[in-house]
Amino acid sequence: KIMQMGPGFHVTAPQAAVIWSPDSTAKGNYTLKGTFNLMEPSNHTNYYGLVFGGSDLEGPKQNYMYFIVAQDGTWLIKHRADDATTHIITPKTPSDAVKKPSGTGSTPNVLEVRVVGDKIDYVVNGTVVQSMTRGENGPRTDGLYGVRINHMLNVSVEKFGASK
């Protein structure tokens, strides 16, 4: 379920979802950024965050990169190659940069993917948690962008978009 909410949108996901607009594309040098507010913890670890470098997102040949965080204070980077195939680029990694739920209220995490020259920086709340090389052997960065919200999550997304 996706609803407009203030300056952003709210997602309640009984199953994992990738949300994007067909005109949301980025290429070359750009920064993709969004503020993700976990409204309530899930009953187990689930991830949410940014999708980029995407193509064919609506079909069985979907292809995209994703940079996501979870309520347990971890982040990871994965590549989806089709409906059934994913590759772990950077495994589940704990970081003090990822905010964990603390009692009542929402838990905000600002995620960024900064693509400049031959470098990609993955940023959580202003802290670079991973850098890697873009190019022939690096992740694909040009293409559709959006968000991924895993199952059983209640998340609002604000200040989302790509900029040069």
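Trainee: Which residue in β7 does Val69 stand opposite?

Mentor: This is a predicted model, in which local features need pLDDT of at least 70 and side-chain atom pairs count only at pLDDT 80 or more, while totals for chains, interfaces and linings use all residues. Residues are numbered from 1 along each chain as its sequence is written, and side-chain values use heavy atoms, with hydrogens and water left out. Strands are DSSP runs of E with at least two residues, numbered from the N terminus, and two of them pair if DSSP finds at least two bridges between them. Six bridges join β6 to β7, which run antiparallel, and there the residue opposite Val69 is Trp75.

Trainee: Which residue in the turn between β6 and β7 has a positive phi?

Mentor: The two strands form a hairpin, with three residues between them. The phi in question is about 85°, and the residue is Gly73.

Trainee: In what order do the six strands of the open sheet lie?

Mentor: Strands of a sheet pair through backbone hydrogen bonds, either parallel or antiparallel. In this sheet the pairing is antiparallel, and the edge strands, each pairing on one side only, are β3 (17-26) and β8 (86-94). Strand β7 (residues 74-80) pairs with β8 over six bridges, and strand β5 (residues 47-55) pairs with β6 over seven bridges. The order is β3-β12-β5-β6-β7-β8.

Trainee: Why is strand β6 described as largely enclosed by the rest of the structure?

Mentor: Buried means under 20% relative accessible area, exposed over 50% and partly exposed in between, with a 1.4 Å probe and protein chains only. Asn63, Met65, Phe67 and Val69 point one way from β6, whereas Tyr64, Tyr66, Ile68 and Ala70 point the other way. Strand β6 (residues 63-70) is largely enclosed because, of its eight residues, the number buried is eight.

Trainee: Which strand gives the most residues to the largest nonpolar core?

Mentor: A nonpolar core is a set of buried Ala, Val, Leu, Ile, Met, Phe, Trp, Tyr and Cys residues joined through side-chain atoms within 4.5 Å. The largest has 33 residues, of which Phe36, Phe67, Val113, Tyr122 and Ile149 touch the most other members. With four residues, the strand that gives the most to this core is β4 (residues 30-38).

Trainee: Which residue in β6 does Leu50 stand opposite?

Mentor: Leaving aside neighbours within four places in sequence, Val113 is in contact (heavy atoms within 4.5 Å) with residues including Leu50 and Phe67. Leu50 belongs to the pairing of β5 with β6, and the residue opposite Leu50 is Phe67.
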